[in-house]
Amino acid sequence: MNVTIIFRSAQTVDDERTETVFTTTGMLEFVPDGARLCYQEPPQEDAPGATVTITVSGTKAVIERCGEIHSRMILEQGKRHACRYDTPYGQIRLYALANDICFDFKGNAGWLKSRYTLDMNGALTAQEIEIQMREVVPC
């Protein structure tokens with residue numbers, strides 16, 4: 001189904017917090033044991049746009065970005081996962097540890113929230129995401 005998505009994120013590095021908010025449209029489909037959301041992420045000041053696919057099932061979310069930068073990140077509460085982050089200049093190895101993750105997708109709406117830490121060679125970045133979506137109802 002077509003959905004409207006409100007995306008909020010925050011990143012904290014060395015006590016400096018940066019926030020991002022955007023609204024876009026995408027597709028939400030229900031899959032066995034979960035849901036899959038796909039949308040176009042607009043270009044940001046420090047990052048090109050991408051096609052993002054988020055698949056949730058059980059107790060985890062897999063976030064994949066395809067574009068100039070390709071990445072695959074697994075968020076699962078209390079578990080540290082190696083993540084792939086490919087740039088035009090080479091691959092960067094990151095680790096993601098979800099402090100908490102919760103989501104609910106049902107009917108014609110859904111949401112996902114997570115606080116997690118990214119580790120790149122010992123440099124830690126606190127991350128937060130919140131995604132809300134609802135079905136686009138034609139007039």
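D15 sits in the loop between β1 and β2, where helices (H or I, at least four residues) and strands (E, at least two) are DSSP runs numbered from the N terminus. D15 has a positive phi of about 65° although it is not a glycine. D15 is also exposed, at a relative accessible area of 79%; here exposed means over 50%, buried means under 20%, and partly exposed lies in between (1.4 Å probe, protein chains only). D14 belongs to the loop between β1 (2-13) and β2 as well, with a phi near 50°, again a positive value in a residue other than glycine. With a relative accessible area of 73%, D14 counts as exposed.

A word on what you're looking at: this is a predicted model, so local features need pLDDT of at least 70 and side-chain atom pairs count only at pLDDT 80 or more, while totals for chains, interfaces and linings use all residues. Residues are numbered from 1 along each chain as its sequence is written, and side-chain values use heavy atoms, with hydrogens and water left out.

Now step back to the overall fold. 10 strands close into a barrel, in the order β1-β2-β3-β4-β5-β6-β7-β8-β9-β10, with antiparallel pairing. The twist from one strand to the next averages 25°, with axes taken as lines fitted to C-alpha atoms (for helices over the stretch in contact) and angles running from 0 to 180 degrees between N-to-C directions. Two strands pair if DSSP finds at least two bridges between them.

Follow the chain into β3 (residues 34-41). Strand β2 (residues 16-31) runs antiparallel to β3, and six bridges join the two; in one of these pairings, M27 has C38 of β3 as its bridge partner. The β2 and β3 hairpin has two residues between the strands, and D33 takes a positive phi near 65° there. On the other side of the pairing list, β3 and strand β4 (residues 50-57) are antiparallel over eight bridges, with G34 standing opposite S57 in β4.

What are the two faces of β3 made of? The covered face holds A35, L37, Y39 and E41, while G34, R36, C38 and Q40 make up the uncovered one. E41, on the covered face, is buried at a relative accessible area of 11%. The E41 side chain makes a polar contact of 3.0 Å with the side chain of R65; such a contact is a pair of N or O atoms within 3.5 Å, where within protein one must be able to donate a hydrogen and the other to accept it, and residues adjacent in sequence count only if both atoms are side-chain atoms. Leaving out residues up to four places away in sequence, E41 touches F22, G49, A50, V52 and R65, contact meaning heavy atoms within 4.5 Å.

Y39, from that covered face, turns up again in the largest nonpolar core. A nonpolar core is a set of buried Ala, Val, Leu, Ile, Met, Phe, Trp, Tyr and Cys residues joined through side-chain atoms within 4.5 Å. This one has 27 residues, and Y39, L75 and I131 touch the most other members. Strand β8 (residues 90-106) supplies the largest share of the core, five residues. Beyond its sequence neighbours up to four places away, L75 touches T59, K60, A61, I63, A96, A98, I101, S114, Y116 and I129.

Two of those L75 contacts, S114 and I129, are bridge partners, I129 lying in β10. Strand β9 (residues 109-120) and β10 run antiparallel and share 12 bridges. Further along β10 (residues 123-135) is Q132, partly exposed with a relative accessible area of 32%. Q132 and I5 are 127 residues apart along the chain, yet their C-alpha atoms are separated by 5.7 Å. Not counting residues up to four places away, Q132 touches T4, I5, I6, R8, G110 and W111. The side chains of Q132 and E130 are joined by a polar contact of 3.0 Å.

Finally, the cysteines. How many disulfides does the structure hold? Zero, a disulfide being a pair of cysteine sulfur atoms within 2.5 Å. The sulfur of C66 has its closest cysteine sulfur in C38, but at 8.6 Å that is too far for a bond. C66 is partly exposed, at 45% relative accessibility. For C83, the closest cysteine sulfur is in C66, and at 15 Å it is too far for a bond as well. C83 is buried, with a relative accessible area of 3%.
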